[in-house]
Amino acid sequence: MNQGFALPAPAQPGQLPGNLRGNPHLGQWLRITPEGKVMVSPGKVEIGQGILTALAQIVAEELEVGLNQITMVAANTGFSPNESVTSGSLSVQDSGRALQQVCAEVRAIYLAKAATHLGEPVASLQICNGLISGPSGAQTSYWDLADDALLDTDATGRVPPKPNTVYRKVGTSARRLDLPDKIFGKTRFIHDMELPGMLHGRMLRPNAPGATLLSLDDAAALACNGVISVVRDGSLLAIVATGNDEAEHAAAKLSAGAVWSQPNESLPDEQDFASWLRSEPADTSVTASPPSPASSSRTIKAQYAKPFLAHASIAPSCALAVYDGAILKVWSHSQGIFNLRSDLALAFAMEPEKIIVQHVEGAGCYGHNPADDVAFDAAWLARHTPGRPVRVQWSRADELAWAPFGPAMAIDLEADLDAAGTITGWRHSIWSNGHTSRPGRGSSPALLGAWHLATPFERSPAINPPLAGGGGAERNAIPGYEFPNWQVTSHRILNMPLRTSALRSLGAMANIFAVETFIDDLARAANTDPVEWRLRYLHDERARAVIALALEKSGWPQQNLIEGKGAGFAYARYKNSGAYCAVVAEIDAAEQIYARRLTIAVDVGLAINPDGVRNQIEGGAIQATSWALKEAVRFDRTRVTSTDWESYPILRFSEVPKISVHIVPSDHPPLGAGECSIGPVVAAIGNAVFDALHIRIRQLPITAERIMSELAQQP
Amino acid sequence: MMPAAPQQPLPSTCITVNGQSHVLQVDGDTPLLTILRNHLYLKGTHYGCGSNQCGACFVLIDGFAVASCDTPIWAVAGKSVTTVEGLGTPEQPHRLQEAFLAGQAAQCGYCTSGILISAAALLSRNPHPAEADIHQALDRNLCRCGTHNRVVEAILRAAGQPAPRTP
């Protein structure tokens, strides 16, 4: 995810930074209009994280214009730079750096033009809110000089951006540009779009993963009010109607007339998914430290597990499409409009240039949700109704059951200790499906509907991104502590009965939960304070600073004198190369576990918008609390049974902890903020539960049932 | 909604939305949410689940926060409906909307209108709620981005109460 609002160090002169490398044309990134606007068109997209505001701040800073003079244009494959996927906490690095350089060059171009126009040297000119003035008082402006031809050129990388010591707009908590629309109920979401003559499609999914459509009686559905057609290709089935309610009503009739086969594969046993993971065929990879001599006197082992998790966005995914017989236009809330275009081109055997994908904002996105799948559905139906736009919105049940899930994981940890209790060896083994199956990266479309066609496209198993970029299942498994002789073994399960892909922080959450709760147990076994234990193996000053800050602000160590209350600590550096985060969690153990207070210290480098960073850290921490205490995708041997908010509960207002976020002031380069709090929060809650109850829960979520069952097993 | 028999004329239903009266000739079982979004083009009220489980579609009906997704239009006849658009405008914002902006109490914003409605219902019957009252009033509203604490602080602020950040 894309939530780090901080600018990196400038590139070398002549070298293009970030996504400017692949998209060097200045005019592709921004336009200056005679009407007094800077139109900025990055390829990154707003997914609820506030990125467009952060990028606007960067533009405002470099061009010396006001935020109110900037219009952020939503990405479009027809004219925006191809910035791939908005994910991985990378947008400020990739897009922000590019825009910073673009604006530095645009400023230089306009200053040169203004110097000629005013007859004053460039060095003597000042810019304020787009007005350019010279020492004589003569004035012009970007708007007076506006000329697209000036930006019809490639970036050179030879104009230095402003040094961050003179920043006045970057580093301030500017208000989000998109929030007024959302707070006053203005039309802003893709769900609100209406196109002239628009029809409504409703998908009818198989009654279980792997089931195929044997026969269909569509007479009752076709007789319903407003129904235009039933569209079928193999097991891909939909109703097209004049209205959304009409389509929904007819879909129920159509469902009654559809006969599905038994699925060709049963789902794993939900209660024992960890055993299933450990027994499946897998692609195994090992990463290890160089060996160093060590002798150990004993080994401590423990096993951990994390269930499948759902994205569970508040809105079901939605898309619109229209096909005129030659050009397919699609409106989508995809994180990667260019990747989506590639897969639509594969699926429909069209040239990518004949497909235009326009980004429109959807509800909060925390990874690879069905945004791309529903775009395929709308495009598929639009190709059946040429000339008429089709809008498709998934049902709540489909949104929960047919989206990709964050993969279940089983983890083994082993620590070798010498006679003095010092770590001499560390082994971390993971069993999990792959953590990404995003569109646009394979030879076959990674789109749900394309797998249900009469001539289905092959569904590739999810993979793990390379470790160099943070990894997938192995994310944060390589020790962030200075242990000798470590080894990380990742077993990527090849069968994928439940579809898996990227969900916020990928494997980092479960790995950090396992490592940080294991460490507390090791520290206790050694009669050592758990924080002191960590500091022995951690000499990175920035890490030690966030730990000290979290302890100070939380008042750690607390005297736990009240029964049923507990406090726990955890720390991690996201991806081992991203933001530093330390958390103290305080919980109440009553009829269930309540997280009451989270004290979070982070170092995210220089923050472009500190309140935006804080908002992302808080949001990540609340989602993580929900994962820690409540969430697991439910399924039987045939189908997913988490199909509504009762069968997939998430944290509610009455259950949300108080959160204080403390940002370490920093001029360091950028580190994303949206994902770094996830793992430490889950682990700190796990440690707090132990503190309260002296029970170690090693499988998420930490529910009352799991605690009772653990209690029952204690001697 | 059930399709109307073609030969029967659709019934007339009179509802008041944001102070304006509307006479609608629609099937009485049509959900209020459909009327708001597709007939009156008030898109600020959002579809989330269709079964009164998430709060994204909340509107005020005679002052109470009610799910419009599973409220049939016949049940609203003669009643007064207020949507987020009726709470306030950028020019004349509701104090809750002002406080949400000041506290940046949203991320994606999809659940925001339903939350504003629950909060407005709360403040109208309890102008000075304690935090626990707010939690209780908003417990039917789901937010996936995790903006809960900002929302609670904004409501306290709108109620004229100090809303200190957690120390």
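Which residue is the bridge partner of Leu30(A) in β2(A)? The legends below take up this point and then move outward.

This is a predicted model, in which local features need pLDDT of at least 70, side-chain atom pairs count only at pLDDT 80 or more, and totals for chains, interfaces and linings use all residues. Residues are numbered from 1 along each chain as its sequence is written, while chains are lettered from A and ligands numbered from 1 in the order in which they are written.

**View 1. The pairing of β1(A) with β2(A).** Val40(A) is the bridge partner of Leu30(A). Strand β2 of chain A, residues 38-40, runs antiparallel to β1(A), and three bridges join them. Strands are DSSP runs of E with at least two residues, helices are runs of H or I with at least four, both numbered from the N terminus, and two strands pair if DSSP finds at least two bridges between them.

**View 2. The open sheet of chain A and helix α2(A).** The sheet has three strands in the order β1-β2-β3, with mixed pairing. Its edge strands, each pairing on one side only, are β1 (30-32) and β3 (70-72) of chain A. Helix α2 of chain A (residues 51-63) packs on this sheet, where it touches β2 and β3 of chain A; contact requires C-beta atoms, placed from the backbone, to lie within 7 Å.

**View 3. Domain 1 and domain 3 of chain A.** Domain 1 covers 18-183 and domain 3 covers 409-435 + 471-713, with bounds from an automatic or database domain assignment. Their contact takes 16 residues from domain 1 of chain A and 16 residues from domain 3 of chain A. On the side of domain 1 that touches domain 3, α2(A) gives the most, with four residues.

Methods: Two residues are in contact if their C-beta atoms, placed from the backbone, lie within 7 Å. Axes are lines fitted to C-alpha atoms, for helices over the stretch in contact, and angles run from 0 to 180 degrees between N-to-C directions.
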